[in-house]
Amino acid sequence: SGLLTNVTEKCLDLEGRSKHQNLRIVGVKEGKEHGQNLSDFTAQLLQDVLALEEKPKLDRAHRVLRTWLDDNAPPRHLILRVHHCHVLEEILRKVAKNRNLTFQGQQIRIFKVVGQRALFFQVEPF
């Protein structure tokens, strides 16, 4: 049981570290990228919406997997990984300052992705 707990803890830690530089963008309608590479589209979106000096370098970007419901279903979330930590911090600072973000007339929201361990992290009392 101790070994299983240890392996589980290590897996949760690795999951959290792999998601450390990930962001989730909610509210971007499907097809807005018009066939453009999703990483390039998302980098341009971030630059435009947050008034960044340059497009952020992204390692990857994709939409969350989900079965297609219908045209009236809410759009799938965008998940992206920012290459540089300082750029991620700048993005998060700008998001914190401006909660009313819009893209092509639609309100969007940007969140930092956290691993499962961060959701259940308990602080030890002093």
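In what order do the five strands of the open sheet line up? In this predicted model, the order is β2-β3-β1-β5-β4, and the pairing is antiparallel. That puts β2 and β4 at the edges, where each has a single partner strand, so one side of each is left without a neighbour in the sheet. The sheet isn't flat either: neighbouring strands are turned by 30° against each other on average, with direction ignored.

Take the β1–β5 pairing to begin with. Strand β1 covers residues 22–26, strand β5 covers residues 106–112, and four bridges hold the antiparallel pair together. Two of the matched positions can be picked out by name: leucine 23 has lysine 112 as its bridge partner in β5, while isoleucine 25 is partnered by isoleucine 110. As a general point, side chains in a regular strand alternate between the two faces of the sheet.

On its other side, β5 meets the edge strand β4, which is made of residues 101–103. This antiparallel pair has three bridges, and one of the matches is phenylalanine 103 with glutamine 106. The two strands form a hairpin with two residues between them. Glutamine 104 sits in that turn and has a positive phi of about 50°.

Next comes the helix that goes with the sheet. Helix α2 lies across β1, β2, β3, β4 and β5, and runs at about 100° to β2. This helix also matters to the count of the largest nonpolar core, giving it seven residues, the most of any element. The core has 24 residues in total, and the members that touch the most others are Ile25, Leu45, Leu46, Leu50 and Ile91. Two or more residues come from each of β1, α2 (38–50), β2 (58–63), β3 (78–82), α3 (85–97), β4 and β5. More broadly, nonpolar side chains in soluble globular proteins tend to be buried together.

Leucine 46 gives a good view of this core. Leaving aside neighbours within four places in sequence, leucine 46 is in contact with Ile25, Ala51, Leu52, Pro56, Leu58, Leu80, Ile91 and Ile110. Two names on that list, Ile25 and Ile110, turn up again as bridge partners in the β1–β5 pairing.

There is also some aromatic packing between helix and sheet, though the count comes to one aromatic pair. Phenylalanine 41 and phenylalanine 103 meet edge-to-face, at 5.8 Å centre to centre and with 80° between the planes. The pair links distant parts of the chain, with phenylalanine 41 in helix α2 and phenylalanine 103 in strand β4, 62 residues apart. Both phenylalanine 41 and phenylalanine 103 are buried.

Polar residues make links of their own. Serine 39 belongs to helix α2, and counts as buried because its relative accessible area of 18% falls under the 20% cut-off. The serine 39 side chain reaches the backbone nitrogen of alanine 61 at 3.3 Å. Apart from residues up to four places away in sequence, serine 39 touches Leu58, Arg60 and Ala61.

Glutamine 21 is another one to look at. Its place is in the loop between α1 (2–18) and β1, yet at 10% relative accessibility glutamine 21 counts as buried. Which backbone oxygens lie 2.7 Å and 3.0 Å from a polar atom of the glutamine 21 side chain? At 2.7 Å it is the backbone oxygen of valine 82, and at 3.0 Å that of histidine 83. Setting aside neighbours within four places in sequence, the contacts of glutamine 21 are Leu80, Arg81, Val82, His83, His84, Cys85 and Leu88.

Two other loop residues have positive phi values without being glycine. Histidine 34, in the loop between β1 and α2, has a phi near 50°. Alanine 51, in the loop between α2 and β2, has a phi near 55°. Histidine 34 counts as exposed at 69% relative accessibility. Alanine 51 is also exposed, with a relative accessible area of 55%, and is one of the residues in contact with leucine 46.

Terms used: Residues numbered from 1 in each chain as written. Predicted model: local features only at pLDDT ≥ 70, side-chain atom pairs only at ≥ 80, totals over all residues. Heavy atoms only, no water. Pairing = 2+ DSSP bridges. Core = buried A, V, L, I, M, F, W, Y, C linked by side-chain atoms within 4.5 Å. Buried < 20%, exposed > 50% of the residue type's maximum accessible area, 1.4 Å probe, protein only. Contact = heavy atoms within 4.5 Å. Axes fitted to C-alpha atoms, helices over the stretch in contact; angles between N-to-C directions. Polar contact = N/O pair within 3.5 Å; in protein donor to acceptor, adjacent residues only side chain to side chain. Phe/Tyr/Trp six-rings, centres within 6.5 Å; stacked < 30°, edge-to-face > 60°.
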